[in-house]
Amino acid sequence: MIALEGLTKRYGGKTAVDGLTFTVEPGRVTGFFGPNGAGKSTTMRMILGLDRPDGGSVTVNGRDYVNVPLPMREVGALLDARALHGTRTARNHLRWLAHTNAIPDKRVDEVLRLVGLESVARKRSGTFSLGMGQRLGIAAALLGDPKVLLFDEPVNGLDPEGIKWIRELMRGLADEGRTVLVSSHLMSEMALTADHLVVIGRGRLIADVGMREFVRHSSGVLVRADDQELLTARLIGAGASVEPGPEAALIVTGLAAGEIGKLAMEAGVALSELTPQRLSLEEAYMNLTRDSIEYQAVVA
Ligand SMILES: Nc1ncnc2c1ncn2[C@@H]1O[C@H](COP(=O)(O)OP(=O)(O)OP(=O)(O)O)[C@@H](O)[C@H]1O
């Protein structure tokens, strides 16, 4: 488990991470979402002890990660797959990492097999494609057989086959009871993998929600009625959320179309439209983060 408590990081006058509190639970894939510059990488670096927080705390399995004697056995991380030293072979790169973390050499061949790099194990990593580099980075993360894994934007620049492979790998790791935190700004992709979502914007927590719940909230029903005021009151009384929709319609979330129809009938309200809508996950995510996007594109 990873636990953040009021975690804060400032760079000069800028607060990159602003009082973040959440936990990342084992046995599931937690998606860590936010627009560019939201503070995802900074948070991950603080989890790994690579950056010092200016406030708050973070623990991994109840301990301060900085004080862990053999860190690779505790936490595996893929931070920047492009930051590879190209002169070593893939196998030697991993052997060196294994050696410094008291991990037996045979584990190197195991992880090379696991990530499908056996046939290029003796090639210099500098000759690797982006996808192969990503696999090597993941092999390094898995080397110490850690219970906690962090992946920062792992699918960036990968082809569909590579993306599918990473998705299945993360799923498998979570199914083995490990804690998996994966950052992305691509909701549609991560929606296929994550069971749980933590969304941040401008360094602050925006949502900490189950994927299923997020999906449920991303759908609504468009309603037009002759007495929208009365219907709105009844809907809210029944626990629904009601927002203004296009052309004076209402968008209702939290109740199914059939339940809305029944409520309207009981209230004596005539409906002229009752249409279930489904926002794409990207749209739902945009709605969540709209106010926190730092650099909005200016449309000429
Ligand atoms: N070393 C640093 N010095 C100064 N500012 C930094 C540093 N690292 C990050 N920042 C700033 O902190 C903020 C958060 O950056 P961070 O890289 O954590 O965001 P992110 O969510 O990972 O974004 P992206 O998806 O673009 O990688 C940004 O405004 C960034 O410019």
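Me: In which order do the three strands of the open sheet stand?
Reply: Happy to start there: this is a predicted model, where local features need pLDDT of at least 70, side-chain atom pairs count only at pLDDT 80 or more, and totals for chains, interfaces and linings use all residues. Residues are numbered from 1 along each chain as its sequence is written. Strands (E, at least two residues) and helices (H or I, at least four) are DSSP runs numbered from the N terminus, and two strands pair if DSSP finds at least two bridges between them. Here the pairing is antiparallel, and the order is S2-S1-S4.

Me: Which strands are at the edges of this sheet?
Reply: An edge strand here has a single partner strand, so one of its sides is left without a neighbour in the sheet. That applies to strand S2 (14-24) and strand S4 (55-60).

Me: How many bridges join S1 to S2?
Reply: One to look for is the bridge between Ile-2 and Val-24 in S2. Strand S1 (residues 2-11) runs antiparallel to S2, and the number of bridges joining them is seven.

Me: Which helix gives the most residues to the shell around the ligand?
Reply: A residue belongs near the ligand if its C-beta atom, placed from the backbone, lies within 6 Å of it. The residues around the ligand include Tyr-11, Asn-36, Lys-40, Ser-41, Thr-42 and His-185. With three residues, the top contributor is helix H1 (residues 40-47).

Me: Which helix gives the largest share of the largest nonpolar core?
Reply: A nonpolar core is a set of buried Ala, Val, Leu, Ile, Met, Phe, Trp, Tyr and Cys residues joined through C-beta atoms within 7 Å. Buried means 20 or more other C-beta atoms within 10 Å of a residue's own, exposed 12 or fewer, and partly exposed in between, with C-beta atoms placed from the backbone. The largest core has 62 residues, and Leu-94, Ala-139, Leu-143, Met-170 and Val-182 have the most contacts inside it. Seven of its residues, the largest share, come from helix H5 (residues 130-142).

Me: Why is Leu-79 partly exposed rather than buried or exposed?
Reply: Leu-79 is in the loop between strand S5 (75-78) and helix H3 (90-100). Leaving aside neighbours within four places in sequence, Leu-79 is in contact (C-beta atoms, placed from the backbone, within 7 Å) with Met-44 and Asp-152. Leu-79 is partly exposed because its count of other C-beta atoms within 10 Å is 17.

Conventions:
Two residues are in contact if their C-beta atoms, placed from the backbone, lie within 7 Å.
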